[in-house]
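Q: Please examine one part of this model closely: a loop, together with the surface beside it. I would then like to see how that part compares with the interior of the chain.

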Amino acid sequence: MPRTASPTRGATRCPHCTDGLGLPRPVAPGSRRDRLRSHPSLATAYRVTVFVAGLLCVLLGVALTVLPGPLTIPPVLAGLWVWSTEFEWARRLFAAFRRKARDAWRHARQHPVSSAAVTLGGLAAAGVVLWAVGRFDLVDQATTALGM
């Protein structure tokens with residue numbers, strides 16, 4: 001006997017969404033975005049453009065993971081911010097990141113000596129790694145060892 005979908009279980013889709021990207025963020029009546037949403041084809045094109053722009057930022061952040069350091073974080077957060085301008089799910093996720101960043105900043109301001117020590121230690125370690133890579137030709141040795 002085939003099972004029917006229960007309204008309380010399983011994946012659901014909002015009845016107002018037609019593009020599968022979730023509910024759009026609420027906007028002020030009469031705003032530029034509200035006028036844009038009054039034209040369904042423009043609204044869909046705008047949402048797809050915002051999604052693609054955010055996706056490019058996130059993919060750039062993922063591509064930067066091969067480099068040392070925190071270079072991957074800013075593009076990913078920029079992509080999440082771009083998404084949060086249009087998508088409610090991204091706004092909630094970005095709000096959680098913003099809350100954690102504020103908590104971390106508050107902690108760093110309450111403990112300036114330990115925060116400065118960790119920051120300077122990290123910068124010193126990065127400097128030593130960069131020095132060692134240049135001094136001992138580690139990139140050339142790695143490519144030779146891998147047969148590239």
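A: A helix here is a DSSP run of H or I covering at least four residues, and helices are numbered from the N terminus. The model itself is predicted. With that in mind, the loop to consider is the one between helix 5 and helix 6, where aspartate 137 lies. The backbone of aspartate 137 has a positive phi of about 50 degrees, although this residue is not a glycine. Its relative accessible area is 43%, and aspartate 137 is therefore classed as partly exposed, because that class lies between the 20% limit for buried and the 50% limit for exposed.

The surface beside this loop comes next. A nonpolar patch is formed there by Val129, Trp131, Val133, Phe136, Leu138 and Val139, which together have about 550 Å² of accessible area. Helix 5 (residues 112–135) and helix 6 (138–146) are the elements that give two or more residues to the patch. The largest contribution comes from helix 5, with 3 residues. Valine 139, one of the patch members, belongs to helix 6. Valine 139 counts as exposed because its relative accessibility is 54%, and exposed means over 50%.

The interior offers a contrast. In soluble globular proteins, nonpolar side chains tend to be buried together. In this model, the largest nonpolar core has 8 residues, namely Val50, Val58, Leu80, Val82, Trp83, Phe87, Ala90 and Phe94. Helix 2 (40–63), helix 3 (73–84) and helix 4 (88–110) each give two or more residues to this core, and helix 3 gives the most, with 3. Within the core, valine 50 touches Val82, Trp83 and Phe87, and beyond these also Thr85 and Glu86, when residues up to four places away in sequence are not counted.

Thr85 and Glu86 also lead to a further residue, arginine 33. Apart from neighbours within four places in sequence, arginine 33 is in contact with Val27, Tyr46, Thr85 and Glu86. Arginine 33 is found in helix 1 (residues 32–37). Its relative accessible area is 19%, so arginine 33 is buried, since the limit for that class is under 20%. Arginine 33 and alanine 43 stand 10 residues apart in sequence, and their C-alpha atoms are 8.5 Å apart in space.

To return to the starting point, aspartate 137 in the loop is partly exposed, valine 139 is exposed, and arginine 33 is buried.

Key
Residues numbered from 1 in each chain as written. Predicted model: local features only at pLDDT ≥ 70, side-chain atom pairs only at ≥ 80, totals over all residues. Heavy atoms only, no water. Buried < 20%, exposed > 50% of the residue type's maximum accessible area, 1.4 Å probe, protein only. Contact = heavy atoms within 4.5 Å. Core = buried A, V, L, I, M, F, W, Y, C linked by side-chain atoms within 4.5 Å. Patch = residues over 30% accessible without salt bridge, like charges linked within 9 Å, V, L, I, M, F, W, Y side chains within 5 Å. Areas by Shrake-Rupley, 256 points an atom, 1.4 Å probe, with all protein chains shown as cover. Salt bridge = Lys/Arg side-chain N within 4 Å of Asp/Glu carboxyl O.
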